[in-house]
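Take a look at the fold below. The paragraphs after it go from strands to helices, and then to a few single residues.

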Amino acid sequence: MKVNIIGSGSIGSYAMGASCLIDEHILIDVPNGVVKHIKNLNYDILKIDTILITHLHGDHFFDLPFLMLGKYFNHDKTLVKVICPYGTIRKLKTLFRVGFPYNFRKVMNSTNIEFIEHKGRNNIHLGDYLIESRNVKHGKIKPSFGYIIHKDGKKVGISGDSSFCTAIEKIVEQSDIAILDMSLKGEGNKSHMGYLNIKDICNKHPDKTIIATHMQNSARQVAIDNPIKNLIIPNDNEEIIL
Ligand SMILES: [Zn+2]
C-alpha cells in the first residue's frame, strides 16, 4: 500500500489539517481546504472513490460540500462511497443551507455520491480492501472512529482524533504502521494524545512504525527535538510505502 500524509496539522498549525490518501484512491478525512490542496499536489481527484470520515469536527469534514460541488459543476458522475459517522448527512444539509444556493438534494441527484453512515465497530469490504472501524474516545464527540485498512496482508491503522484508550492500543497492535493523533507537546487529554503518549506507544511496540499527525506546531517541534527511532514526523504529502 502507498500512504500519502496529505495533511499533518491541527487547527492553528501551519500544516494542512490531518488527512491521508491510500493508493491515491481512499481519502481519510476531508479537512477545510483539502480538495484544492490535493489538486495542487497533482493527485487526480477523480481517482478518489472512497472517503472515510473519522468524526464530525469541521477540520475533518468541512470540505465535503466543496468536493460535492466540484463534481456537480464538472458534471462528474464517478461513484464515490463516503463511509461516515451517523448524522453526517444531516450536518451536510445544514452546511448547504447556510452556505450554498444549491441544495443538497439537487447536488446529490446530479452526482454519484453514496453516503454509508454507521455508528460503531464493523467491517466493510470494498474491492481488494477490508476496512475495519473502531470506536475511539474523542471528548464528547460520538461516534468517533479509528480505522484499520487491510490489503494484501498489510494493515494501516488510523486513530482519527482520540485520547489514549483501549481502541488505540488495538489499532496499533493490529497494524503494521499506525497514523496517530499527536496534537499535544506533552501529556494527552480527554480528546487528544500528546508526545508522551506516542513515546510510550513507540517504546512498547518497537517493531511498529508510528506516524504522528494532527500536530500543533509545538508538538511537532518537541518531537523533532526529541526523536524516537520508530516515529515519523511527516511533512505534508510525505509518502510511506508498505
Ligand atoms: Zn476532532
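Two strands pair if DSSP finds at least two bridges between them. Helices (H or I, at least four residues) and strands (E, at least two) are DSSP runs, numbered from the N terminus. This is a predicted model, in which local features need pLDDT of at least 70, side-chain atom pairs count only at pLDDT 80 or more, and totals for chains, interfaces and linings use all residues. Residues are numbered from 1 along each chain as its sequence is written.

Begin with the hairpin of β7 and β8. These strands pair in the antiparallel sense over five bridges. In this pairing, I124 stands opposite I131 in β8. Two residues lie between the strands of the hairpin, and G127 takes a positive phi near 55 degrees there.

The hairpin belongs to a wider sheet. The sheet is open, with seven strands in the order β7-β8-β9-β10-β11-β12-β13 and mixed pairing. Which strands stand at the edges? They are β7 (122-126) and β13 (231-232); each has a single partner strand, so one side of each is left without a neighbour in the sheet. Further in, β9 (residues 145-151) runs antiparallel to β10 (residues 154-158), and five bridges join them. Here K151 stands opposite K154 in β10. Helix α6 (residues 166-174) packs on this sheet and touches β8 (129-135), β9, β10 and β11 (177-181). The direction of α6 makes about 15 degrees with that of β9; axes are lines fitted to C-alpha atoms, for helices over the stretch in contact, and angles run from 0 to 180 degrees between N-to-C directions.

Other strands pair in the parallel sense. Strand β4 (residues 50-52) and β5 do so over three bridges, with T50 opposite K81 in β5. On β5 there is also a parallel pairing with β6 (residues 113-118), over six bridges. There I83 stands opposite I116 in β6. Is β5 mostly covered or mostly open? It is mostly covered: five of its six residues are buried. A residue is buried if 20 or more other C-beta atoms lie within 10 Å of its own, exposed if 12 or fewer, and partly exposed in between, with C-beta atoms placed from the backbone.

Now turn to helix α7 (residues 195-204). Its residues Y195, N197, I198, I201 and C202 are buried. They cover an arc of only 160 degrees around the axis, which puts them on the same side of α7. That arc is taken from the directions from the helix axis to the C-beta atoms. The face turned away from this buried side carries N203 and K204, which are exposed. The buried residues of α7 pack against α6, β11, β12 (209-213), α8 (217-225) and β13.

One of those buried residues, I198, also has a place in the largest nonpolar core. This core has 64 residues, and M182, I198, I210 and A212 touch the most other members. A nonpolar core is a set of buried Ala, Val, Leu, Ile, Met, Phe, Trp, Tyr and Cys residues joined through C-beta atoms within 7 Å. Neighbours within four places in sequence aside, A212 is in contact with L180, M182, I198, A223, L231 and I233. Two residues are in contact if their C-beta atoms, placed from the backbone, lie within 7 Å.

Some loop residues deserve a look. Y86 lies between β5 (80-85) and α4 (88-99). It is partly exposed, with 13 other C-beta atoms within 10 Å. Beyond neighbours within four places in sequence, Y86 is in contact with E117, H118, K119 and P143. P143 sits in the loop between β8 and β9, and the peptide bond from K142 to P143 is cis, with omega near -5 degrees. E24 has a positive phi of about 60 degrees although it is not a glycine; its place is in the loop between β2 (19-22) and β3 (26-28). H75 is another non-glycine residue with a positive phi, near 50 degrees. H75 counts as exposed, with 8 C-beta neighbours inside 10 Å.

Finally, step back to the whole protein. It has eight helices and 14 strands. Of its 242 residues, 46% count as buried. Its C-alpha atoms fill a box of roughly 50 × 35 × 35 Å, taken along the principal axes.
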